[in-house]
Amino acid sequence: MKKVISLSTLAVGLFLSSFAHAADDEKFNIDAKRSSIEWVGKKVIGQHHGIIKMSSGQVVVNNNIVKAGSFAADMNTLSCSDLEGESNKKLIDHLKSEDFFSVTKHPKAKFEITKTTVVGVNRVNVSGNLTIKGITRPLNFTADTQKKGNEFTATAKNVKVDRTKYDIKYGSKNFFASIGDKAIDDDFELTINLVAAK
């Protein structure tokens with residue numbers, strides 16, 4: 001009889017412990033107005049940079065550590081910060097065209113976290129899947145995170161993405177060997193600035 005009671009007590013204890021652990025999860029909704037993605041695209045004779053705004057997303061935090069989450073970027077907000085006037089419009093129109101991000105057909109780019117690993121105080125390695133132009137590929141980067149009350153922030157710098165893996169081959173010397181000094185780097189760099197709140 002004592003064994004039966006002990007086993008029952010243990011089972012209840014494990015159940016309650018599991019429930020309590022799950023209750024520690026906190027969900028934060030991304031603040032689209034304060035979140036953004038900075039981009040840098042380089043070529044042989046220079047580079048351009050700009051911003052893409054986030055449109056939605058959520059992160060799950062447990063014990064101040066991000067455990068899961070996803071966010072979407074509105075590709076229609078793609079902008080360039082180093083050009084003005086007609087030159088700016090020409091570049092943005094080209095980046096939104098079929099040569100690059102095909103924004104009319106694919107207005108959203110998405111990232112979904114699949115795993116995180118703590119590597120320091122308020123610092124995690126993030127593994128996930130990035131979807132651009134309807135093509136999904138794995139992406140890994142390191143992020144600095146911080147939770148203060150009802151707000152959670154994350155910043156990831158120097159995130160390199162190989163555009164050719166998303167069928168963006170325009171100006172790539174790996175596909176157009178004779179392009180010379182008009183070549184555009186296959187990798188573009190991102191700085192992800194995420195702000196989320198309950």
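Start with the contacts across the whole chain: in this predicted model, 56% of the contacts with a separation of 6 or more join residues that sit 24 or more positions apart.

Next, color the chain by secondary structure. You should find two helices and nine strands. Follow them along the sequence and the pattern reads α-β-β-β-β-α-β-β-β-β-β.

Now switch on the surface. The accessible surface of the chain comes to about 12000 Å², and carbon and sulfur atoms account for 53% of that area. Of the 198 residues in the chain, 34% are buried.

For a closer look, select Lys133. You will find Lys133 in the loop between β6 (123-132) and β7 (135-148). Is Lys133 buried or exposed? Lys133 is buried, and it has no salt bridge. Select Asp167 as well: this is the nearest side chain of opposite charge, 4.3 Å away from Lys133. That distance does not make a salt bridge, because the cut-off is a Lys or Arg side-chain nitrogen within 4 Å of a carboxyl oxygen of Asp or Glu.

So which backbone oxygens should you show around the Lys133 side chain? Try Phe100 first: its backbone oxygen lies 3.2 Å from a polar atom of the Lys133 side chain. Then go back to Asp167, whose backbone oxygen also lies 3.2 Å from a polar atom of that side chain.

To finish, show the rest of the surroundings. Leaving aside neighbours within four places in sequence, Lys133 is in contact with Glu98, Phe100, Phe101, Ser102 and His106, and also with Tyr166, Asp167 and Ile168.

Terms used:
Residues numbered from 1 in each chain as written. Predicted model: local features only at pLDDT ≥ 70, side-chain atom pairs only at ≥ 80, totals over all residues. Heavy atoms only, no water. Helix = DSSP H or I, 4+ residues; strand = E, 2+ residues; numbered from the N terminus. Buried < 20%, exposed > 50% of the residue type's maximum accessible area, 1.4 Å probe, protein only. Contact = heavy atoms within 4.5 Å. Areas by Shrake-Rupley, 256 points an atom, 1.4 Å probe, with all protein chains shown as cover. Lys, Arg positive; Asp, Glu negative; His and termini not counted. Polar contact = N/O pair within 3.5 Å; in protein donor to acceptor, adjacent residues only side chain to side chain.
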